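Biologist: Please take one helix of this chain and go through it closely. After that, carry on to other helices and to the aromatic side chains.

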Amino acid sequence: MQELDERKTRILDAIIRNYLDTGEPVGSRTISKYSDLNLSSATIRNEMSDLEELGYILQPHTSAGRIPSDKGYRFYVDNLMKEKNQEVREMKEFMIEHTERMEQVLKQMAKVLAENTNYTAMITAPSYHQNKVKFLQLSQVDKEQLLAVIVTEGNLVKNKMISTREALDNETLLKLNILLNTSLNGLSAEQINLGTIARLKEQAGIHSHIVSDVLDALAVVFSEDEELEVYTSGTTNILKYPELSDSRKASELLSAFEEKKQLVSLVNETLAAEEQNGIQVYIGDESPIQNMKDCSVVTATYQLGEGMTGTIGIIGPKRMDYENVMDNLKTLKSQLDTVFQKNKDK
């Protein structure tokens, strides 16, 4: 984006801001009225021609003004994000302890975001990523069965039944529990490698088959997908924007929100990019959801500790008010801080 000098940058900014406000193509006379530019219409026309040639704006109809292209929006958003991204990162790393209360808060948050932005808002309940073993407990149920209680990060508890060849005495169970916890605590599925498995089986001796069954149960726990809860609000808000309100586009968008399964790819994309950036902006064809190619989507992640991570998304037209959207994500931090403090004081 270094090809734009300061004057072109200011003109592009003026075009985008004007188009965000009006939804109408912007002409050179409109831009010349910006008092802080102090440029003639002829100069602005020349600069707009250069911006069009560079791909930042386009002319939808002959003799009409210009509108931003996806590249133009990208330039605007990237510059805006430099100012806003640090604020959004502050929303991370705090915990809401009561699940029932958290669900109410997330639903309310989606509603507030939709009302404040006049777009569609979505938020997912926290899910568990990169799970690690926190605790294992083997207990004798009867002569032929053991109960394996597996606790992973986020205090997610799973119970698995394991068949045994004979009843185990308390001392043997104690030794197996110590062995399993000492060897596996703090490890993720990827970290439990062949070397770890071989050492465990060797140390378990004649009870190596129990270790194998525990590891199999652990693999099942790690592979089980928790159902992703997605809360949405303001789904009909996008119908207020003419560019998204024709019957085909509206039907596809509403279907994506109603089924919610299509939103999973958006969530996964955001979580995958989390380490690179606390906020993601998808413009037009950048969206991982085919039905949202005519929209812009702003997403952010939040963390509630213990490996629990969720996603917030705001969906609107490409001429959305990006600054307002990012400011609302900043407000999210103080809302969650308040809820966390209330829960902590209970």
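Modeller: The expected span of a helix is 1.5 Å times one less than its number of residues. The model is a predicted one, and the helix to begin with is α3, residues 41-53. With 13 residues, α3 should span 18 Å at 1.5 Å a residue, and this agrees with its end C-alpha atoms, which are 18 Å apart.

Four residues of α3 are buried: Ile-44, Glu-47, Met-48 and Leu-51. Viewed down the helix axis, the buried residues of α3 fall within an arc of 105 degrees, so they line one face of the helix. An α-helix has 3.6 residues a turn, so residues three or four places apart point the same way. The buried residues of α3 pack against α1 (6-22), α2 (28-32) and β1 (57-58). On the face turned away from the buried side, α3 carries the exposed residues Asn-46 and Glu-53. After α3 comes Gly-55, with a positive phi near 90 degrees.

One of the packing partners of α3 is α1. Helix α1 has 17 residues, for which the span should be 24 Å, and its end C-alpha atoms are indeed 24 Å apart. Its buried residues are Lys-8, Ile-11, Leu-12, Ala-14, Ile-15, Ile-16, Asn-18, Tyr-19 and Leu-20. At the start of α1, Asp-5 brings a side-chain oxygen to within 3.2 Å of the backbone nitrogen of Arg-7. Gly-23, just after α1, has a positive phi of about 75 degrees.

Helix α6 comes next. It runs over residues 170-184, which makes 15 residues, and reaches 21 Å from first C-alpha to last, close to the expected 21 Å. Buried in α6 are Thr-172, Leu-173, Leu-176, Asn-177, Leu-179, Leu-180, Asn-181 and Leu-184. A side-chain oxygen of Asp-169 lies within 3.3 Å of the backbone nitrogen of Glu-171 at the start of α6. Just after this helix, Gly-186 takes a positive phi of about 85 degrees.

Thr-196 sits in helix α7, residues 194-204. Buried means under 20% relative accessible area, so Thr-196, at 10%, counts as buried. Leaving aside residues up to four places away in sequence, Thr-196 touches Ser-183, Leu-184, Leu-187 and Gln-191; of these, Leu-184 is also among the buried residues of α6.

That leaves the aromatic side chains. The structure has four aromatic pairs. In one of them, the ring centres of Tyr-73 and Tyr-322 are 6.1 Å apart and the planes meet at 55 degrees, so the pair is tilted. Tyr-73 belongs to α4 (residues 70-89) and Tyr-322 to α11 (residues 322-345), so this pair ties together parts 249 residues apart in sequence. Tyr-73 and Tyr-322 are both buried. Tyr-119 and Tyr-241 make another tilted pair, at 5.7 Å centre to centre and 40 degrees between the planes. This pair also links distant parts of the chain, 122 residues apart: Tyr-119 is in the loop between α5 (99-117) and β3 (120-124), and Tyr-241 in the loop between β8 (230-233) and α9 (247-259). Tyr-119 and Tyr-241 are buried. Tyr-76 joins Tyr-73 and Tyr-322 in one aromatic cluster. Elsewhere, Lys-71 lies over the face of Tyr-56, 4.6 Å from the ring centre.

How values were computed: Residues numbered from 1 in each chain as written. Predicted model: local features only at pLDDT ≥ 70, side-chain atom pairs only at ≥ 80, totals over all residues. Heavy atoms only, no water. Helix = DSSP H or I, 4+ residues; strand = E, 2+ residues; numbered from the N terminus. Buried < 20%, exposed > 50% of the residue type's maximum accessible area, 1.4 Å probe, protein only. Polar contact = N/O pair within 3.5 Å; in protein donor to acceptor, adjacent residues only side chain to side chain. Phe/Tyr/Trp six-rings, centres within 6.5 Å; stacked < 30°, edge-to-face > 60°. Lys NZ or Arg CZ within 6 Å of the ring centre and 35° of its normal. Contact = heavy atoms within 4.5 Å. Arc of directions from axis to C-beta.
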